[in-house]
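I opened a new notebook for this one. My plan is to look things up one by one and write down what I find.

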Amino acid sequence: MKEKIPSGTATHFRVGEIDPTTLKMEHPLTVDGCLIMFCERGEMEITTNSRRCVMHPGDMAFIVFDIVTVPVRMSDDFMAKFIAVDFDTAQDIFFLITSNRFWEYIYTFPVFTLGREGRDMAKRWFTSVDWLKANFSDDTFEKVLRNEIENFMMVMSEYAESHFGVLGTNPAKNRAWLIANDFLGLLNRYYTHHHDVAFYAGKLNISPNYLNIIAKRILGVTAKEQINIQLGLVIKMLLDTTELTVKEIAERLHYDDPSYLCRIFRKQTGLSPIQYRNKSRYPAN
């Protein structure tokens, strides 16, 4: 079962602190839309899509719904402020405010180090959010927080592009872009039970062939390939961070035939699940 970030009182936003008492190590985080974190002290090691990174004081993290994120290690003094944004609100805010170049950077570096001015800005912003939560009604808090997040995302998008460089081009956000992102959101929610393109196409009220075309155009892979990529990342994470057998992993991902799961994994990695686990844990000297 995925670990849940502790809840606040707002409907579309949850705010609070992450420390050793609120997260279970080696369990994937449940992120509905986007999780924004700012590390104030200590350090936490996480894997994002099987890549390891460490949060230090002053670091920011943007964890999106389709990034498989697992806390691996946390110092006893670790504490980070967080804001969790639900899927629909995140899609609305990010679509309107940020550039695709910003998200290209975030998907590559979900945890990144801010400069001194950036750290000061982020700390003041999270402090103001705490003040709003403590002094106003839930309804007022949620309305004001939405505006605050829009402003913060606008600042962070420009900050990332100006300080860390621009990756690639900035394609237009059109209907195809929305369909592709809605597909990713659905995939994050249902990948453990549904591995067929037809299910997601039905949810989006389009044909499976059209969904494959859109995914290929926007994501660079077909919808079926993206489903298998998502499953491959989760299998890697489970092999890396648990002692589950291949049969147990197949059961968790609702594959009746473990050998089919193995074929998908081998096609992506060139290794069987057991070979991958052994190579990951016992690398050649």
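**Entry 1: a pair across two strands**

Which residue stands opposite Ile 83 in β9? I looked, and Val 15 does. I note at once that this is a predicted model. Val 15 led me to the strands. Six bridges join β2, residues 13-18, to β9. The two strands run antiparallel.

I then turned to the pairing with β4. Strand β4 covers residues 34-41, and seven bridges join β4 to β9. This pair is antiparallel as well. Here the bridge partner of Ile 83 in β9 is Ile 36. So I have Ile 83 opposite Val 15 and paired with Ile 36.

**Entry 2: is β9 covered?**

Is β9 buried or exposed? I checked residues 79-85, and seven of the seven are buried. I wanted to see this face by face. In a regular strand the side chains alternate between the two faces of the sheet. On one side of β9 I found Met 79, Lys 81, Ile 83 and Val 85. On the other side I found Ala 80, Phe 82 and Ala 84. Every one of these is buried, so both faces are covered. I marked Lys 81 as part of that buried list.

**Entry 3: the whole sheet**

What is the order of the strands in the open sheet? I traced five strands, β2-β9-β4-β7-β10, with antiparallel pairing. The edges are β2 and β10, residues 111-113, and each pairs on one side only. On average, neighbouring strands are turned by 20° against each other, direction ignored.

I went on to β7, residues 59-64. Five bridges join β4 to β7, and they run antiparallel. In this pair Phe 38 stands opposite Met 60 of β7. Next I asked which helix packs on the sheet. I found α3, residues 116-135, which touches β2, β4, β7 and β9. The direction of α3 makes about 110° with that of β4.

**Entry 4: the cores**

Which residues have the most contacts inside the largest nonpolar core? I got Met 60, Phe 62 and Leu 211, in a core of 73 residues. Met 60 I already knew from its place opposite Phe 38. Another core lies apart from the largest one and has 19 residues. Among them are Met 55, Ile 63, Phe 78 and Ala 84. Ala 84 was also on my list of buried β9 residues.

I followed Leu 211 further. Leaving aside neighbours within four places in sequence, its contacts include Ile 179, Phe 183, Val 197 and Tyr 200. Ala 201, Leu 204, Ile 206 and Ala 223 are also in contact with Leu 211.

**Entry 5: α6 against α7**

At what angle do α6 and α7 pack? I read about 90°, with the axes 8 Å apart. That makes α6 roughly perpendicular to α7. From α6 the meeting residues are Val 197, Ala 198, Tyr 200, Ala 201 and Leu 204. From α7 they are Pro 208, Leu 211 and Asn 212.

Asn 205 is in the loop between these helices. Its phi is near 60°, a positive value in a residue other than glycine. Most residues other than glycine have a negative phi. Asn 205 has a relative accessible area of 69%, so I put it down as exposed.

I noted His 254 too. Its phi is positive, about 60°, although it is not a glycine. His 254 lies in the loop between α9 and α10. At 42% relative accessibility, it counts as partly exposed.

**Entry 6: α11 and the loop before it**

Which residues of α11 are buried? In this helix, residues 273-281, I found Pro 273, Tyr 276 and Arg 277. Seen down the axis of α11, they fall within an arc of 100°, so they line one face. They pack against α8, α9 and α10.

Ser 272 is in the loop between α10 and α11. Its relative accessible area is 15%, so it is buried. Leaving aside neighbours within four places in sequence, Ser 272 is in contact with Phe 265 and Arg 266.

**Entry 7: totals**

I closed with the overall counts. The protein has eleven helices and ten strands. Of its 285 residues, 49% count as buried. Among contacts with a separation of 6 or more, 73% come from residues 24 or more positions apart.

Terms used
Residues numbered from 1 in each chain as written. Predicted model: local features only at pLDDT ≥ 70, side-chain atom pairs only at ≥ 80, totals over all residues. Heavy atoms only, no water. Buried < 20%, exposed > 50% of the residue type's maximum accessible area, 1.4 Å probe, protein only. Helix = DSSP H or I, 4+ residues; strand = E, 2+ residues; numbered from the N terminus. Pairing = 2+ DSSP bridges. Axes fitted to C-alpha atoms, helices over the stretch in contact; angles between N-to-C directions. Contact = heavy atoms within 4.5 Å. Arc of directions from axis to C-beta. Core = buried A, V, L, I, M, F, W, Y, C linked by side-chain atoms within 4.5 Å. Parallel < 35°, antiparallel > 145°, perpendicular 65-115°, else oblique.
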